[in-house]
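Please open the model in your viewer and keep a selection tool at hand. The tour below proposes one selection after another and states what is found at each.

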Amino acid sequence: QLAGPPQPQKKLDPDSIPSPIQVIENDRASRGGQVYATNTRGQIPPLVTTDCIIQDQGNASPRFIRCTTYCFPCTSDMAKQAQIPLAAVIKPFATIPSNESPLYLVNHGESGPVRCNRCKAYMCPFMQFIEGGRRYQCGFCNCVNDVPPFYFQHLDHIGRRLDHYEKPELSLGSYEYVATLDYCRKNKPPNPPAFIFMIDVSYSNIKNGLVKLICEELKTMLEKLSKEEQEEMS
């Protein structure tokens, strides 16, 4: 086998690599303070460094889940050639600004959330209701499931439930589900969370006054501990 002349190795041009600082500043200037609707097709969400208002229109808010890339190869061959890694940053307890709507709470009582019988996916906007609303097809595994009697609703002329906009799990991308005892260990509700303070009371810490300082500051901290909603004390 005869090797041909050595091919010149291509090098990256430093001038062609975008500056992260410039990209952040451009995104802030063009999208800062604006409203981003999550159902906007072909538009990636603002950067995490950009202060904006997220409007939930059926897809999850980027505050709760964000992909590393929003440009996906449309064929398997293109995916093999591109070899673009895909990951998602998931932050279920992200802080919601005061100017955005808080998460709606879905409570189906003792029966718990409506789930696919095969893959156990929760009811969401991507479930397709069929047969007059008596069954639905899972948007993840395509399994056809019966709609529980308490959850039945008629469909309109385009095949959408009449209560589509009344149920957060059918019209929004981010919402909370109330878990039943089946999701708890030994079918018992969990105990309230506790705060544990561990203090190093070694001789050196006592001698230099660190233990005394910590005990004095603890009085202030105890008054500012986070508490459950509608509770006066932690």
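Begin by selecting S61 together with T38, I54 and S174, the residues that S61 touches when those up to four places away in sequence are not counted; a contact here means heavy atoms within 4.5 Å. S61 sits in the loop between β2 (53-55) and β3 (65-67). Helices (H or I, at least four residues) and strands (E, at least two) are DSSP runs, numbered from the N terminus. Is S61 buried or exposed? The residue is buried, its relative accessible area being 6%. The classes are buried under 20% relative accessible area, exposed over 50% and partly exposed in between, with a 1.4 Å probe and protein chains only.

A word on the basis of these values: this is a predicted model, in which local features need pLDDT of at least 70 and side-chain atom pairs count only at pLDDT 80 or more, while totals for chains, interfaces and linings use all residues. Residues are numbered from 1 along each chain as its sequence is written, and side-chain values use heavy atoms, with hydrogens and water left out.

Next, select helix α1 (residues 20-31) and pick out N26 within it. N26 has a relative accessible area of 42% and is therefore partly exposed. Add T50 to the selection: 24 residues separate N26 and T50 along the chain, and their C-alpha atoms are 9.7 Å apart.

Move on to residues 113-151, which an unreviewed UniProt entry annotates as "domain: Zinc finger Sec23/Sec24-type". UniProt positions are given in the numbering used here, feature names are shortened, and annotations may be inferred rather than shown by experiment. Over residues 113-151 the chain is 23% strand and 0% helix, and the C-alpha atoms at the two ends are 10 Å apart.

Now select K120, in the loop between β5 (105-106) and β6 (128-130). What is the phi of K120? The angle is positive, about 65°, although K120 is not a glycine. Most residues other than glycine have a negative phi. K120 counts as partly exposed, at 44% relative accessibility.

A second positive phi is found at N187, where the angle is about 55° although the residue is not a glycine. Select N187 in the loop between β9 (176-177) and α4 (203-207). N187 is partly exposed, and its relative accessible area is 47%.

From there, extend the selection to residues 190-230, for which the UniProt annotation (unreviewed entry) reads "domain: Sec23/Sec24 trunk". This span is 46% helix and 0% strand, and its end C-alpha atoms lie 18 Å apart.

Finally, display the whole protein, with its 5 helices and 9 strands. Their order along the sequence is α-β-β-β-α-β-β-β-β-β-α-β-α-α. The C-alpha atoms fill a box of roughly 75 × 70 × 45 Å along the principal axes. The radius of gyration, taken over C-alpha atoms, is 26 Å, whereas a compact globule of 234 residues would have one near 17 Å; the globule rule is 2.2 Å times the number of residues to the power 0.38. Buried residues make up 23% of the 234 residues. Among contacts between residues at least 6 apart in sequence, 38% join residues at least 24 apart.
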